[in-house]
Amino acid sequence: MSLENNITKLEDGRLVLNMGPSHPAMHGIVRIILTVEGERVVNSEVEIGYLHRGFEKTCENSNYNQIIPYTDRLNYVSPFINEVGFVMAVEKMMGVELPERAKYIRVIMSEISRMTDHLTCIAANAMELGAFTPYFYLINARELLYQSGDMASGGRVTPNYFRIGGTSFDLTPDFIEFTKNALKKVDSYLSDTRKLLERNRIFYDRLKDTGKITREDAVSYGFTGPLIRSVGIDYDVRKYSPYLVYDRFDFEIPVADGGDNYARFLVRMEEINQSRKIIEQALLQLPDGPIDVDDYSVRLPQKDEVYGSIEGLISHFKLTFEGPKTPKGEIYFAVEGANGELGYYIVSDGTHKPWRVKVRPPCFPVTGALPRLINGGYIADIVATFGQINMIGGELER
Amino acid sequence: MGLETIFGKSWATSKMEYVINWARKFSFFDYPFVTACCGMEFMSTFASTYDIARFGAEFPRFSPRQADVLFVVGTVNQKLAPVLRMTYEQMVEPKWVLSFGACATSGGFYDNYAVVDGIDKIIPVDVYIPGCPPRPKAVLDALIKLQEHVQREKLIK
Amino acid sequence: MKIMELAGIIKEKFEKSILSSSVFYDNETIVIRKEDVFDVIKFLKDEQSFDFLMDVTAVDYKGYPDRNDETRFEIVYNLFSYKNNKRLIIKTLVDEKDLTVNSITSLYHSADWHEREVYDMFGIKFINHPNLKRILMYDEFVGHPLRKDYPFKKRQPRINLRDVGKNEEEE
């Protein structure tokens with residue numbers, strides 16, 4: 001740490017300030033060492049690693065089924081998307097083709113996750129900037145979506161819902177009705193929040209023209225997701241390399257100009273709307289049918305098969321103790337996470353455990369660009385910028 | 001029989017210890033040491049659906065020096081361990097620690113090189129909340145448990 | 001553009017630099033010599049418009065079946081072209097005896113943190129990196145956790161941990 005060097009510069013009036021790791025205005029544990037001149041940030045250094053939990057090493061020591069709960073805890077604000085990314089990468093390696101209903105369920109849950117992520121991001125951001133009412137509105141909206149996810153999966157934050165080759169269980173009968181109602185309520189909460197925030201003088205002034213980045217820099221820093229869309233690039237994995245059934249829905253990728261925090265806020269708000277549109281279409285189109293592949297080498301057999309037939313029993317035993325087996329090779333598979341491109345790079349040595357799993361977390365490059373975003377601004381702008389880049393410790397440091 | 005019989009209903013007698021503990025337990029000022037996933041349920045608990053304000057603990061103080069309950073919310077790894085201990089040492093007595101979720105309690109299912117297996121290896125803990133992450137209702141339950149614990153405390157040790 | 005074409009273009013430009021190229025589960029992969037990493041990626045960025053560097057990572061192949069230990073590490077660069085909507089994986093082999101490779105920080109800003117992570121987790125040094133130090137682990141940490149020979153559960157505490165087994169009042 002260049003802390004000592006910076007202190008020597010104190011003679012020219014500069015100060016070295018420490019922010020974090022457990023700082024009130026930042027909802028993550030990241031440490032920023034600031035060199036300030038008055039209220040201006042001259043230089044900054046970001047230190048991360050306070051939530052490094054050894055995810056990748058753990059994967060190397062677990063079989064493929066055991067990894068799914070760990071992926072929930074990567075981006076814990078949008079757990080379903082993480083699961084979808086991982087199980088789809090493994091399925092692609094094993095050459096598994098999912099039934100239609102399972103694909104739709106994955107889309108619905110992914111979009112619910114995307115909504116919770118954006119809602120949390122805006123709620124926390126608004127709260128940190130002093131707007132407390134939108135926090136309650138948006139967290140209430142998120143609560144409804146959590147309940148909807150809870151209804152389907154049995155878990156609010158860390159559902160562990162998807163399996164390699166399908167889904168752990170089918171949607172409950174009242175899920176569709178509940179989710180439709182929840183979406184309506186979320187919409188009304190959202191329009192209230194819009195009225196409170198969008199043209200709010202304080203909120204606007206603190207977000208507009210802060211944390212600015214140019215298009216070239218954003219590309220060079222490897223931004224994806226809402227942050228790249230806020231500089232006018234419409235890159236979205238769902239459109240550029242469609243997975244699941246995303247090509248069947250009518251939705252748009254919101255793009256904003258400006259590359260500042262306000263543009264990010266607008267993009268996020270609009271993405272919530274688009275996700276709602278996708279869920280509504282998917283609920284309408286949702287086909288009947290199986291939710292699992294009918295292949296015992298991939299997917300745990302149903303319980304009556306386990307108790308009723310020797311094949312079911314054996315494959316249950318094999319899958320529980322050893323897990324599914326992937327062919328030798330490697331794969332990079334990306335889905336659109338709530339923060340951007342969420343990629344899984346998996347190397348397999350042909351056994352039941354992966355040789356190496358690398359996650360490409362969307363907020364890692366973004367947090368790497370944090371010094372670029374906050375240098376030259378005021379100290380107070382750090383809060384706004386940090387809120388809008390939506391750093392999630394779990395996936396940043398894994 | 002007590003002073004009430006002499007002075008009427010405008011008086012109440014009690015033990016000093018009881019009153020002080022009663023006041024303490026309904027006015028927790030908590031410091032959220034939020035690290036990981038459990039933070040999401042922490043936010044839910046503090047929002048209006050579950051409304052922790054009913055228990056007098058709704059106001060997070062974001063300085064350990066002004067807080068008396070430390071919520072350790074989420075995984076604590078080896079890199080963060082000194083920070084947690086420093087935070088705890090900055091708090092003034094009386095102070096209590098609530099370990100929020102499986103990771104803070106025991107390291108959870110992160111049994112590897114990076115994670116401290118339980119914050120009780122760093123600081124003493126009063127109440128453990130199980131769950132990964134615990135549901136808001138479990139958090140409220142734990143808060144009530146902590147209140148009972150505070151009520152039973154002796155002023156002079 | 002097919003992978004063979006791209007490999008051909010690189011081959012024309014940099015003789016002997018391509019060791020192999022393959023397509024595996026839609027991932028187009030080119031393995032290049034370590035010395036040419038910087039030049040090839042610069043060429044791909046400037047002339048083939050691979051403007052995003054999505055990821056840099058490494059894999060430790062020690063003990064991998066049917067593979068000799070001489071090329072123990074592989075560094076994996078994950079490039080993406082927004083203009084052509086094309087993904088390309090560039091790999092290079094790093095020998096255990098010489099754990100250095102040229103940094104590409106001057107080409108992509110994002111390489112800064114990615115390379116620091118690879119250094120932290122695998123101990124591979126990047127030449128010309130402006131700020132090569134640990135990023136996820138702490139400075140006191142000895143070893144590189146994602147190497148296959150680092151024990152999974154070997155903890156290195158930074159502070160003295162309490163002994164929870166004892167009853168405090170008895171102490």
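How many salt bridges does the count come to over all chains? The count comes to 50, and the points below, which concern a predicted model, take up several of these pairs before turning to pockets, cavities and the surface.

1. **A pair within chain A.** The side chains of A:Glu47 and A:Arg31 meet in a salt bridge, with an N to O distance of 3.2 Å. This pair links distant parts of the chain, since A:Glu47 belongs to strand E3 (residues 40-47) and A:Arg31 to strand E2 (residues 31-37) of chain A, with their positions 16 residues apart in the numbering. Because buried means under 20% relative accessible area, A:Glu47 falls in that class at 16%, and A:Arg31 likewise counts as buried at 19%.

2. **A pair between chains A and B.** A:Glu47 also takes part in a salt bridge with B:Lys79, where the closest N and O atoms are 3.7 Å apart. B:Lys79 is placed in the loop between strand E2 (69-73) and helix H4 (81-90) of chain B, while A:Glu47 sits in strand E3 of chain A, so the pair joins two chains. B:Lys79 has a relative accessibility of 3% and therefore counts as buried.

3. **A pair within chain C.** C:Arg72 and C:Glu96 form a salt bridge through their side chains, at 2.6 Å from N to O. The two residues are 24 apart along the chain, and the pair links distant parts of it: C:Arg72 lies in the loop between strand E3 (52-60) and strand E4 (73-81) of chain C, and C:Glu96 in the loop between strand E5 (86-94) and strand E6 (100-102) of chain C. As for exposure, C:Arg72 is buried, with a relative accessible area of 1%, whereas C:Glu96 counts as partly exposed at 37%.

4. **A network in chain A.** Salt bridges also link A:Glu111, A:Arg114, A:Arg229, A:Asp236, A:Arg238, A:Glu271 and A:Glu336 into a network. As general background, side chains of opposite charge can pair when their charged atoms come close.

5. **The largest pocket.** The space in the largest pocket comes to about 770 Å³, and its lining is made up of 42 residues, of which A:Met127, B:Val34, B:Phe42, B:Met43 and B:Phe62 lie nearest the centre. At least two lining residues are supplied by each of helix H5 (100-128) and helix H6 (132-153) of chain A, and by each of E1 and helix H3 (38-46) of chain B. The largest share, six residues, comes from H5(A). Sorted by class, the lining of this pocket holds 28 nonpolar, 10 polar and four charged residues.

6. **The cavities.** Six cavities of 30 Å³ or more are present in the structure, and the largest cavity contains about 70 Å³ of space. Its lining residues include A:Val77, A:Phe80, A:Ile112, A:Leu145, A:Tyr146 and A:Arg156. Helix H4 (79-94), H5 and H6 of chain A are the elements that give two or more residues to this lining, and H6(A) gives the most, with four residues. The classes represented in the lining of the largest cavity are six nonpolar, three polar and two charged residues.

7. **Chain B and its surface patch.** The secondary structure of chain B consists of six helices and four strands, which follow the pattern α-α-β-α-β-α-β-α-β-α along the sequence. Its C-alpha atoms fill a box of roughly 65 × 35 × 25 Å along the principal axes, and 52% of the 157 residues in chain B are buried. On the surface, B:Tyr18, B:Val19, B:Trp22 and B:Phe26 form a nonpolar patch with about 410 Å² of accessible area together. One member of the patch, B:Phe26, is found in the loop between helix H2 (16-25) and strand E1 (30-34) of chain B, and at 37% relative accessibility B:Phe26 counts as partly exposed.

8. **A residue of chain C.** C:Phe38 is located in helix H2 (residues 37-47) of chain C, where a relative accessible area of 22% makes C:Phe38 partly exposed. C:Phe38 and C:Asn78 are 40 residues apart along the chain, and their C-alpha atoms are separated by 14 Å.

How values were computed: Residues are numbered from 1 along each chain as its sequence is written. Chains are lettered from A and ligands numbered from 1 in the order in which they are written. This is a predicted model: local features need pLDDT of at least 70, side-chain atom pairs count only at pLDDT 80 or more; totals for chains, interfaces and linings use all residues. Side-chain values use heavy atoms; hydrogens and water are left out. Patches are made of residues with over 30% relative accessible area and no salt bridge: like charges are joined within 9 Å, nonpolar side chains (Val, Leu, Ile, Met, Phe, Trp, Tyr) within 5 Å. Accessible areas come from the Shrake-Rupley method with a 1.4 Å probe; for residues, only the protein chains shown count as cover. A salt bridge is a side-chain nitrogen of Lys or Arg within 4 Å of a carboxyl oxygen of Asp or Glu. Buried means under 20% relative accessible area, exposed over 50%, partly exposed in between (1.4 Å probe, protein chains only). On a 1 Å grid over the protein atoms alone, a cavity is a set of points where a 1.4 Å probe fits but cannot get out, and a pocket is an open set with protein on both sides within 12 Å along at least five of seven lines; lining residues have an atom within 4 Å of a point. Grid points are joined across faces, edges and corners, and a volume is the space filled by probe spheres set on the points. Ala, Val, Leu, Ile, Met, Phe, Trp, Tyr, Cys and Pro count as nonpolar, Asp, Glu, Lys and Arg as charged, and the others, Gly among them, as polar.
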